[in-house]
Amino acid sequence: MNHSLGIMTLTPQVANSYFLEIAKQSLSYPIDLYLFSPKGISPLHETVDGYYFNKESQTWETEAFEIPEYIYDRTYYQKDIQSRQAKAVVQWLKNQKHIRFLGYGLPNKWHLYEKLKKTPLSPYLPETYLVTDENHLLNLLTEYKDIIIKPVDGAHGYAVYHLVISKQGIVVRTTKKQGIMEQSFPNKEIFLKWLNRILQKHTFICQKRLLNLTKEDAPFDLRILLNKDAYGDWREFQRAIRIGEEKGILTNISRGASYRSYSDWKALQDSSWDFIEEELTDILKEMPLILEEQFSSLFEIGVDLIIAEDRSLWILDMNSKPGHKIVDELCPEKLSSLFQAPLDYCDFMASQCLSSLKRGDF
Ligand SMILES: Nc1ncnc2c1ncn2[C@@H]1O[C@H](COP(=O)(O)OP(=O)(O)OP(=O)(O)O)[C@@H](O)[C@H]1O
Ligand SMILES: [Mg+2]
C-alpha cells in the first residue's frame, strides 16, 4: 500500500518548481503526494482541501483528502492573523500521534541560543543578549560600540540593524529595498526615542558585529545545507560562500547576495585554512545530532557560519526550512538527488514504522 506525503505551505502554488520536481520524482516511489495549506485543514473532520499529484497526467489536481500520514513542512509564517491561525493548526497537527512530520522545526533564535549555550556548540555561538528595553540596548552599544540587532523570529535579513557608536554620535544602518539606509543621532535622547519605537515592533536579540568583510568591504559567510539520506543519516549536501553587497550588512540571497563556489574560494586561502576546515567539518558532524537531541527530529538544516577576520568560526544561524537555490546555482548535477531526498526520507520513516510494528513496539 502506498504511503501519503503532504507538502505543506501557507499558499500552495501548483507552479512552484521545487514542489513540482519532488512530485515528478515521486513517480518511482510508493508514495501518494499532496500539496496543501494548514488553512485548508478542517481539524473537526480531519480532512484537507488541497492538491493531489496525478501521476498519469503529472499535474497537481484540486482535491479533498484525509490528512496525509507524513508531512513535509515548508510553511513560512508572517505576522498577520491568517499566519497566527495557521500556526495554531500546525501545532495541533504536530501533536497528532498518527501524523509524522519529516522535521518538526526549530524554535526562535533566542530559545535556540539559550539551549545551545549549554552544549558543545557553545564556543561557536556569538554572545547573544535578549534586548529588554532601550536603556539595556544603549548599555550594550556603549560597551561593544559596534553591534547588530535582529528580531528573535526574523528571517531573510528582515529588520536587521547595524548600530555603531563613535565620537560623532550614534549611527544606525539597515537594508531597505533601495539599499542601505543610514541615520545619525546627535544625542542619546533622540536615539532612545527611535529605539523605543523599533523595540515595540519586534523582540530583538543583540550581538557584537562580527567582522566578516572581503577586501572589497562586502560581508560574506558560509552557507551549508545538511539533510538526511535514504538511511536517515545526516550528510552535508552542499557548501557555499555567500557574498553580500559592498558596504552592506546582509549575506541573505533574498537581499542581493550571491553564491560562490566554496572550492574556488578555498583555493585563494593559505594552508592554515585546512586546519580550520577540519574544525568546521567536526562542527557540522555534531550539530544536527545536538539539535535533534535538544529539540526534536529534523530533516534538513541550513547553517550560516561567519568566518571572522581573525579566522575564528561562528555559527550565526540554523534554519530548519532552508532554501535550495544553493544547489541550482552550484551543483545542478545533484538536483535530482535533492528532489528525491524528502521522498527517500519519507520511505525510510515508513520502513522504520513497519519494522517497529513487527517488533511489537507500538
Ligand atoms: N553578529 C553579526 N555580525 C555580523 N553580521 C551579522 C551578525 N548577525 C547577522 N549578521 C548578518 O545579517 C544576516 C542575517 O542575520 P541572520 O541570519 O541571523 O537572520 P535572518 O537571515 O534574518 O534569519 P534566517 O536565516 O532565519 O532567515 C546574516 O546572514 C549576516 O550577514
Ligand atoms: Mg540567515
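This is a short tour of a predicted model, one selection at a time.

Local features need pLDDT of at least 70 and side-chain atom pairs count only at pLDDT 80 or more, while totals for chains, interfaces and linings use all residues. Residues are numbered from 1 along each chain as its sequence is written, chains are lettered from A and ligands numbered from 1 in the order in which they are written, and side-chain values use heavy atoms, with hydrogens and water left out.

**Stop 1: an open sheet**

Strands here are DSSP runs (E, at least two residues) and helices are runs of H or I of at least four residues, both numbered from the N terminus. Two strands pair if DSSP finds at least two bridges between them. Select β15, β14, β13, β16 and β17: these 5 strands form an open sheet in that order, with antiparallel pairing. β15 and β17 (313–319) stand at the edges with a single partner strand each, so one side of each has no neighbour in the sheet. From one strand to the next, the twist averages 35° (axes are lines fitted to C-alpha atoms, for helices over the stretch in contact, and angles run from 0 to 180 degrees between N-to-C directions).

Now select residues 220–228 and 300–307. These are β13 and β16, which run antiparallel and are joined by 6 bridges. Which residue of β16 is the bridge partner of Leu225? The partner is Gly302.

**Stop 2: strand β8**

Select residues 146–151. Buried means under 20% relative accessible area, exposed means over 50%, and partly exposed lies in between (1.4 Å probe, protein chains only). In β8, 5 of the 6 residues are buried, so the strand is largely enclosed by the rest of the structure. Add β9 (residues 161–166), which runs antiparallel to β8 and is joined to it by 4 bridges. Asp146 has Val164 of β9 as its bridge partner. Then add β12 (residues 204–208), also antiparallel to β8, with 5 bridges between them. Here Ile147 is partnered by Lys208.

**Stop 3: the loops on either side of β8**

Most residues other than glycine have a negative phi. Select Lys145, in the loop between α4 (134–144) and β8. Its phi is positive, near 70°. Is Lys145 buried or partly exposed? At 42% relative accessibility, Lys145 counts as partly exposed.

Next select Ala159, in the loop between β8 and β9. Ala159 also has a positive phi, of about 55°, and is buried with a relative accessible area of 10%.

**Stop 4: Gly103**

Select Gly103, in the loop between β6 (100–101) and α3 (109–116). Gly103 is buried, at 15% relative accessible area. Draw a distance to Asn139: the two residues are 36 apart in sequence and 39 Å apart in space, C-alpha to C-alpha.

**Stop 5: the second largest pocket**

Select Thr214, Lys215, Phe220, Trp265 and Gln269. Of the 19 residues lining the second largest pocket, these lie nearest its centre. The space in this pocket is about 480 Å³. β14 (234–243), β15 (258–261) and α6 (262–267) each supply at least two lining residues.

On a 1 Å grid over the protein atoms alone, a pocket is an open set of points with protein on both sides within 12 Å along at least five of seven lines, and lining residues have an atom within 4 Å of a point. Grid points are joined across faces, edges and corners, and the volume is the space filled by probe spheres set on the points, the probe being 1.4 Å.
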